[in-house]
Amino acid sequence: MTRTPLPEYVPLAEVVRSGMRESVHYGAVVGLAADGRIAHARGPVHQPMFPRSSAKPFQALAMLRAGAPLSGPSLAIAAGSHGGEPRHEEQARAVLAGAGLSPDALRCPPAVPAGGTARREFVLAGREPDRLLMNCSGKHAGMLAACVAAGWSTGDYLDPGHPFQVLVRETVEDLCEEEVAHTAVDGCGAPQLAVSLAGLARGLWRMRTAPEGSPERAVLDAMTAHPEYVSGSGRIDTELMTRMPGLVSKIGADGVLLLGAPGGETAAVKISDGDAEERARTLVGLDALRTLGVDVSAVEDRLRVDVHGGGVPVGEVRPL
């Protein structure tokens, strides 16, 4: 185990019930101005952390650099964490088929749809967990397509020493302008690379400010044009990108969120308790963009979360 000092997280959001503070979410948040400089920072924004799925746009860029023929929905789902809806399953399957592969090539774990209509239809159909339904299947399909395009082996594509994963590491270090601090195994089985929260924000900022027509811009353009493939019905990334056209939103497990405004302003959030109910990271991230001067009025209701008692709102979660 790599032993590092406990991060000095700071209060970022409070939970108020019936006029009294009930609890506090601690974490770190960093905001980059349109010119890329750090203009807002609270907490340990320079300490290593795991971006989790917030790093998927970087992984998708590595796919393009390897020659994967991804565009539109196929590129969006490669950079996304989908909900296992039928369109997501079909798109992941299509990416694999385009590379001459079947779903058997996937090495992500089998899963069920995240919820809603897709989950009900799954249960009614009597289906078993399926790798195509795992929220990272689009990313894995894209990784495999990249391996086929580059002439690399596919059976070991998740090995950190595989040429594709080496390319991902090089891409992350290039974008974030710092060395990877630690390599772990992500929930989907792929390598997970630790960088600082500031580095994570810098990586997205560099993609956003890359020249038009570049692979970097292609990834973000696909995400903003097809937000339904980045996340899905009733999920935060899709909602934010639909309601704020041009915004890039990518959530990550264990309390992470990465946001990039059309003008280049960027915010990255890590909630220290993991934010299991996803009630803190979004309002903290949007508050950071607002602090940077970004107009977030289209999603102003997302700057607070109701706290219920007896079935009615009796308080709120709000940024500090």
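Reader: Which residues of helix α7 are the buried ones?

Author: The buried residues of α7 are L197, A198, G199, L200, A201, R202, G203, L204, W205, M207 and R208. This is a predicted model, and buried here means a relative accessible area under 20%.

Reader: What makes α7 mostly covered?

Author: The count decides the matter: of the 12 residues in α7, 11 are buried.

Reader: How do you know that the span of helix α7 agrees with its number of residues?

Author: Helix α7 runs over residues 197–208, which is 12 residues. The expected span is 1.5 Å times one less than the number of residues, and this gives 16 Å for α7. The C-alpha atoms at the two ends are 17 Å apart, so the span agrees with the expectation.

Reader: Why is H40 called buried?

Author: H40 has a relative accessible area of 16%. The limit for a buried residue is under 20%, so H40 is called buried.

Reader: Where does H40 lie, and which residues does H40 touch?

Author: H40 belongs to strand β3, which comprises residues 38–42. Leaving aside residues up to four places away in sequence, H40 touches V29, V30, G31, A288, T291 and L292. A contact requires heavy atoms within 4.5 Å.

Reader: Why are β5 and β6 said to pair?

Author: Two strands pair if at least two bridges are found between them. Strand β5 (residues 182–185) and strand β6 (residues 191–196) have four bridges, in the antiparallel sense, so they meet the requirement. At one point of this pairing, V185 stands opposite P191 in β6.

Reader: What do β5 and β6 form, and which residue in the turn has a positive phi?

Author: They form a hairpin, with five residues between the two strands. G189, in the turn, has a positive phi of about 100 degrees.

Reader: Why is the sulfur of C147 too far from the closest cysteine sulfur for a bond?

Author: A disulfide is a covalent bond between the sulfur atoms of two cysteines. The two sulfur atoms must lie within 2.5 Å. For C147 the closest cysteine sulfur is that of C188, at 14 Å, which is too far for a bond. For C176 the closest cysteine sulfur is also in C188, at 17 Å, again too far. The structure holds zero disulfides.

Reader: Are C147 and C176 buried or exposed?

Author: C147 has 0% relative accessibility and therefore counts as buried. C176, at 0% relative accessibility, counts as buried as well.

Reader: Why is the contact of D174 with R65 called a salt bridge?

Author: Side chains of opposite charge can pair when their charged atoms come close. The cut-off for a salt bridge is a side-chain nitrogen within 4 Å of a carboxyl oxygen. The closest N and O atoms of D174 and R65 are 3.3 Å apart, so the pair qualifies. Because D174 lies in helix α6 (residues 163–176) and R65 in helix α1 (residues 56–66), the salt bridge ties together parts that are 109 residues apart in sequence.

Reader: What makes D174 and R65 partly exposed?

Author: Partly exposed residues fall between the buried limit of 20% and the exposed limit of 50%. D174 has a relative accessible area of 33%, and R65 has a relative accessibility of 36%, so each is partly exposed.

Reader: Which residues are linked with D174 and R65 in a network of salt bridges?

Author: The network links R65 and D174 with E177, E178, R202, R206 and E216.

Reader: How many salt bridges does a search of the whole structure find?

Author: The search finds 27 salt bridges. Among them is the one between R87 and E85, with an N to O distance of 3.5 Å; R87 is partly exposed at 31%, whereas E85 is buried at 14%. Another joins R318 to E316, with the closest N and O atoms 3.0 Å apart; R318 is partly exposed at 32%, and E316 is buried at 17%.

Reader: How do you know that the radius of gyration of the protein chain agrees with that of a compact globule?

Author: With 320 residues, a compact globule would have a radius of gyration near 20 Å. The protein chain has 19 Å, so the two values agree. Of the 320 residues, 52% count as buried.

Terms used:
Residues are numbered from 1 along each chain as its sequence is written. This is a predicted model: local features need pLDDT of at least 70, side-chain atom pairs count only at pLDDT 80 or more; totals for chains, interfaces and linings use all residues. Side-chain values use heavy atoms; hydrogens and water are left out. Buried means under 20% relative accessible area, exposed over 50%, partly exposed in between (1.4 Å probe, protein chains only). The radius of gyration is taken over C-alpha atoms; the globule rule is 2.2 Å times the number of residues to the power 0.38.
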